[in-house]
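Student: I'm new to this one, could you walk me through it?
Tutor: Gladly, let's have it in front of us.
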Amino acid sequence: MQENPRLAPCSLVAFRVKNITEMLKANRSDDLAQQQAVVTELFPAELLGDDLAGIETAIADQAEAFDPAVAPYISYICNTKGKRIRPVLTFLSGGATGGNTEAHTKLATTLELIHMATLVHDDIIDEAEIRRQAPTANAKWGASLSVLLGDSLFAQALLLSTEFNDASIGRSIAQSTKDVCTGEIIQTQRRFDFQLSREDYFEIIRLKTAALFASAMELGARLNNQSEAIQEQLRDYGMKIGTAYQIYDDCLDLTGDEATVGKTLRTDLNKGKLTLPILNLIDQASSAQRAKLNKLLIQKEAIDISALGSIADYEGSIESAVQTAKNLVNEARECLECLEDNDHTDALGQITLYLDGLLDSCCEG
Ligand code: IPE
Ligand code: IPE
Ligand code: MG
Ligand code: MG
């Protein structure tokens with residue numbers, strides 16, 4: 001494998017990350033608000049201020065590329081603001097491997113548009129009412145129009161993806177878009193399927209969520225002409241934190257507060273999605289308990305989550321899912337050892353701690 005002579009292995013990253021971990025641990029016994037403040041500080045908003053402002057403008061401008069009959073709908077969707085995780089990863093990968101360029105802003109915008117398209121479609125499938133603290137496209141205009149709006153966003157993203165000098169970037173973006181759709185299709189096929197294995201679950205979330213995280217990381221480095229080895233390590237980091245993030249989201253669906261999270265929750269079980277905490281619950285349930293859970297699911301009526309508490313160890317199932325995700329986050333941290341030492345590399349380490357903090361919050365209260 002070809003090595004990039006510019007990049008030496010960096011133990012400093014591990015050292016700094018360890019320091020921040022210690023800082024978090026030191027705060028662990030203090031009050032929750034303080035700990036959350038530390039976790040929030042770990043999100044590299046300041047470091048990426050200009051880059052993120054750039055994609056806000058680029059996303060807001062997207063409506064101009066559409067027919068006047070379509071533009072107001074696109075404008076509505078583009079004016080909702082998410083956490084911009086995929087752009088953040090793109091810019092951190094770019095910054096850690098030589099610096100961000102206009103091409104990174106284009107890549108970040110393209111990936112965020114693909115993400116937004118998948119959310120529009122996902123909210124139709126899940127019949128979700130609220131997304132990013134606002135009514136979903138589906139709630140406002142119904143499924144027919146929303147399917148087409150999601151398609152339009154995908155198409156606009158694919159148009160942008162043809163604008164890179166390196167044609168392999170567009171190809172990779174198209175592949176990860178296909179992966180997201182494949183993940184959503186398999187998930188839909190396997191609803192209410194008690195035969196779903198852990199392996200199946202991990203394959204679904206690799207496709208529907210981690211693929212886009214991985215592309216952000218890999219392509220951010222490819223735009224800086226990094227070696228295959230570096231691209232591969234960063235792709236792996238993206239896969240691991242993307243998988244951990246979906247596990248977090250799956251726990252949040254059971255434990256989160258809708259008003260705080262800003263989206264419709266508790267849809268997974270009602271839609272028959274067997275997520276990791278539920279697979280854990282099924283695993284340790286007796287056959288009588290399993291039959292009870294099966295009956296709850298098959299009824300296809302709204303499930304009261306508190307009913308799960310009476311079936312085996314519900315809290316333990318969440319904790320075990322959180323632990324699985326935290327193990328992945330730890331592994332992701334190791335992927336950063338190939339990078340040069342700079343602020344962006346540091347921030348990639350901080351993202352893992354940020355995710356650790358989010359995961360911890362699923363087990364509180
Ligand atoms: C939501 O993604 C869908 C999942 C992959 C869990 P985000 O949590 O990144 O959503 P926004 O972009 O912040 O709204
Ligand atoms: C992620 O799954 C959806 C996509 C990758 C499109 P979820 O269905 O859990 O996402 P949320 O919870 O609706 O954001
Ligand atoms: Mg959903
Ligand atoms: Mg979810």
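Student: How many residues of each class does the shell around ligand 1 have?
Tutor: The shell around ligand 1 has one nonpolar, four polar and three charged residues, where Ala, Val, Leu, Ile, Met, Phe, Trp, Tyr, Cys and Pro count as nonpolar, Asp, Glu, Lys and Arg as charged, and the others, Gly among them, as polar. This is a predicted model, in which local features need pLDDT of at least 70 and side-chain atom pairs count only at pLDDT 80 or more, while totals for chains, interfaces and linings use all residues. Residues are numbered from 1 along each chain as its sequence is written, and chains are lettered from A and ligands numbered from 1 in the order in which they are written.
Student: And which residues are around ligand 1?
Tutor: They are Gly-82, Lys-83, Ile-85, His-115, Arg-132, Thr-209, Gln-246 and Asp-249, a residue being near a molecule if its C-beta atom, placed from the backbone, lies within 6 Å of it.
Student: What about the classes around ligand 2?
Tutor: That shell divides into three nonpolar, two polar and six charged residues, and among its members are Thr-209 and Asp-249.
Student: Which element gives the largest share there?
Tutor: That is α6, with three residues; helices (H or I, at least four residues) and strands (E, at least two) are DSSP runs, numbered from the N terminus.
Student: New topic, how many helices and strands are there?
Tutor: The protein chain has 16 helices and two strands.
Student: Where is Gln-133?
Tutor: Gln-133 is in the loop between β1 (130-131) and β2 (134-135), and its phi is near 60°, a positive value in a residue other than glycine.
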